[in-house]
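Welcome! Let's take a short walk through this structure, beginning at one residue and widening the view from there.

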Amino acid sequence: MQQFKPAWRDGYFRARIMAVKNLSTDMLEVVLKPERAWPTHTAGQHIALTIEINGRLTTRVFTVASGADTHRRTKCIRLVTKVKAQGALTPHLHSCLPNQWVNISAPMGEFIVPKVEKPLLMIAGGSGITPFIAMLDDAIEKAQLNNTPVHLLYFAKPNEHVLIDELSAFQKRCENFSYSILTKQKDGDLEAHLSYFADAHWLVCGPNAMYEQARHCAELISAPLSSEHFAALPAINSSSPGQSETFSLLHNGETLTIDNQQSLLSQLQQAEQPVTYGCGMGICHQCQCVKKRGVVRDTRTGELSDSAEQLIQLCVSQAVTDLEIQL
Ligand code: FES
């Protein structure tokens, strides 16, 4: 099959790399042409990108930084990412060649423009600018902002703001859109800027610390807020907070002793069990498996599962009772 369809894998879509370009010292733009069967994204959604690196499939999740209309028109999508020196995938993107085949997932995620009759406040931190670029690309193309004022607060370190020329072009095309390029050093914390937008619907994409600041302020003034964070939320302890307990984990005939402090994924990895995973933060679903019995806690929400058979994601699940899973 690989002879006829390079990078064909059951359950994945294929895409060809069209271009890889540096946007700044550590930000990279990757243009992909997904195969025809790929279902077009909604602006703001992300995909899992899988590349074979040294014979191993490596997956990371990226937001699509271009609109759905652009995909329909050009058949291409764009990813914009920070290259992490110690990262498993991003340092390898530089060496991808034009026309190389990679795998992508279907678009995922709920972080899209809300259908509300309110002004919108977009709050971006670092590479959290990407979903907003996609949303603005689509909304301005379809003239959807004619009655909706939109302001973007874009925080990044000095000289690390990217795609500013595109923001400037959006502003020229749409008088309802404006933006502020901000650095913490010069402009202070996010909180200092939020009181001007009390009547808006807030959309936040950035590091967890930024999200926490926005969430706190939104709660104080009852502003509606939608968000996407980069890092997994901190793990929540089990029913005896702060107290470590051990349980047994039965899988494929083997029993492991696990605790209620770490995710099931980390403990299976520490025990050198063969587990498939990707993002490590509950987005890509590659670590999904069947829980046959027992109760787990979702580390993002604190929600407990029931004890029946169901699908769980190992990277965001902690044991609350003894467990049996099928890997
Ligand atoms: S590894 Fe991506 S959801 Fe668990």
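## A starting point: Ser-307

Please keep in mind that this is a predicted model. Leaving aside its neighbours within four places in sequence, Ser-307 touches Lys-291, Lys-292, Arg-293, Gly-294 and Val-295. Ser-307 itself sits in the loop that links β15 (296-298) to β16.

Is this residue buried, exposed or something in between? Ser-307 has a relative accessible area of 46%, so it counts as partly exposed. For a sense of distance, take Gln-261: this residue and Ser-307 are separated by 46 residues in sequence and by 19 Å in space, going from C-alpha to C-alpha.

## The five-stranded sheet

The loop with Ser-307 leads into β16, and β16 belongs to an open sheet of five strands. Reading across that sheet, the order is β13-β12-β18-β14-β16, and the pairing is mixed. Why do β13 and β16 each have one side without a neighbour in the sheet? Both β13 (254-259) and β16 (310-313) stand at the edges with a single partner strand each, so one side of each is left free of a neighbour there. On average, neighbouring strands of this sheet are turned by 40° against each other, direction ignored.

As a general point, strands of a sheet pair through backbone hydrogen bonds, either parallel or antiparallel.

## β18 and its two partners

Both senses of pairing can be seen at β18. With β14 (residues 288-293), strand β18 (residues 323-326) pairs in the antiparallel sense over three bridges. Two bridge partners illustrate this: Arg-293 goes with Glu-324 of β18, and Val-290 goes with Gln-326 of β18. Arg-293 is also one of the residues in contact with Ser-307.

With β12 (residues 246-251), β18 runs parallel, and three bridges join the two strands. Here Leu-250 stands opposite Glu-324 of β18.

Which side chains of β18 are buried? Leu-323 and Ile-325 point to one face and are buried, whereas Glu-324 and Gln-326 point to the other face and are not. In a regular strand, side chains alternate between the two faces of the sheet.

## The wider view

Stepping back, the protein is divided into domain 1 (13-104), domain 2 (120-229) and domain 3 (246-326). Between the C-alpha centres of domain 2 and domain 3 there is a distance of 36 Å.

Notes. Residues numbered from 1 in each chain as written. Predicted model: local features only at pLDDT ≥ 70, side-chain atom pairs only at ≥ 80, totals over all residues. Heavy atoms only, no water. Pairing = 2+ DSSP bridges. Helix = DSSP H or I, 4+ residues; strand = E, 2+ residues; numbered from the N terminus. Axes fitted to C-alpha atoms, helices over the stretch in contact; angles between N-to-C directions. Buried < 20%, exposed > 50% of the residue type's maximum accessible area, 1.4 Å probe, protein only. Domains from an automatic or database assignment. Contact = heavy atoms within 4.5 Å.
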